[in-house]
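Reader: I'm new to this one. Could you show it to me and take a few questions?

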Amino acid sequence: MKEYQQPDASGHFGIYGGSFVSETLTHAINELKDAYARYQNDPAFIAEFEYELAHFVGRPSPVYHADRMTREMGGAQIFLKREDLNHTGAHKVNNTIGQAMLAKRMGKPRVIAETGAGQHGVATATICARYGLECVVYMGSEDVKRQSPNVYRMKLLGATVVPVESGSKTLKDALNEAMRDWVANVDNTFYIIGTVAGPHPYPMMVRDFQSVIGKECLVQMPEMLAAAGCKTEQPDVVLACVGGGSNAMGIFYPYIEHEKTRLIGVEAAGEGLDSGKHSASIQRGSPGVLHGNRTYVLQDDNGQVTETHSISAGLDYPGVGPEHAFLKDMGRAEYVGITDKEALEAFHYLCRTEGIIPALESSHAVAYAMKLAKTMRADQSILVNLSGRGDKDIGTVADLSNADFYCRPSCKGQAIKGGAMNIEQTVQVVK
């Protein structure tokens, strides 16, 4: 295919993307566009970004041959890009470092973010702690309950976590509240958006920071494939889960011009694509405007955004990044659905087969890889972006499995050593 150059100068991916924001935010968006244009190819900025990825995050993340799972599926060789091994436990930190570096250079001492699964919130809180920036994270109250370990991690890192009670109380509503905060505090605040959505330049900027994932794979895969007896230098299929779609764009983008590699995004089919309880924006949505960009949106006949459903908080979103919409329409990427039940089964399977506890979001991609592998030859290959680890989901999985699980000793009425002390009196806690 000819050289892929998207978006255009106005931030459009075909008919998608753009910048649909209030007049109050126009100056802030233009300021961000100018700053990113100034620094994205700046040697000093790139060197600092690469240093942080290597020494703070621990990149490059390895590619792992899931040999036992491959044998049991009986088809294509399955490889996992181990983003779960990054510092903070997911791909999100790649992007938060880049945006926090911009915030510093733009003189913005206060950072806000939205989060669903909590991984972006943790990554934002982490880099704000490192750079000495104030951090406020908006999170739907429903997600606060189902991702409580990450809520406490954010607080440990010094962030203020604001539960959002409006709407469906999930990621969409957290993003709405973060946008309102930005309008009210635009002079001193930088908004670190966690996915490839939002007004231009966010979809491009987040994709660029996350594309380190796919760039590493291009280097890592030839040796891995040769050792597994595959005939190609790059995988036949690249798979990733898609909510907003940052982990997917991060691995897809460097592969777009590799036409022999299929790109497949896996959406949350929830209780079934025809159940009305899912988050499959591309497969069941229609073009509309959401959170500052034109993309596929789950909406009713009147253009009102409909409620979504997914077992995974990070996929529980009624839209998708505009570049995914563009890739779908041009036929370069395919999008499929995996149900809650299938994702949960894949979660348990990967735990017991490869000794890896995946995030429920990533489990959707693993589940489709398990299906697809059986239809392929042993000399073919599938590369799955394992976007995050599943520590945050253990409570949810335990409840769904009717397991005896307690979040901390006091939940079971147990005392712990040091339990009689008042920690704020005996230990210096920085607030």
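Here are some questions and answers on its core, a proline and a pocket.

Author: This is a predicted model, where local features need pLDDT of at least 70, side-chain atom pairs count only at pLDDT 80 or more, and totals for chains, interfaces and linings use all residues. Residues are numbered from 1 along each chain as its sequence is written, and side-chain values use heavy atoms, with hydrogens and water left out.

Reader: Which helix gives the most to the largest nonpolar core?

Author: A nonpolar core is a set of buried Ala, Val, Leu, Ile, Met, Phe, Trp, Tyr and Cys residues joined through side-chain atoms within 4.5 Å; buried means under 20% relative accessible area (1.4 Å probe, protein chains only). The largest one has 89 residues, with Tyr191 and Leu383 among those with the most contacts inside it. Helices here are DSSP runs (H or I, at least four residues), numbered from the N terminus. With 7 residues, the top contributor is helix H1 (residues 23-39).

Reader: Is Pro235 buried or exposed?

Author: Pro235 sits in the loop between H10 and strand E9 (237-241), a strand being a DSSP run of E, at least two residues. Beyond four places in sequence, Pro235 touches Met221, Leu225, Tyr255, Thr261, Ser381 and Leu383 (contact: heavy atoms within 4.5 Å). Its relative accessible area is 1%, so Pro235 is buried.

Reader: How far apart in space are Pro235 and Met221?

Author: In sequence, 14 residues separate Pro235 and Met221. From C-alpha to C-alpha, the distance in space is 7.3 Å.

Key. Buried < 20%, exposed > 50% of the residue type's maximum accessible area, 1.4 Å probe, protein only.
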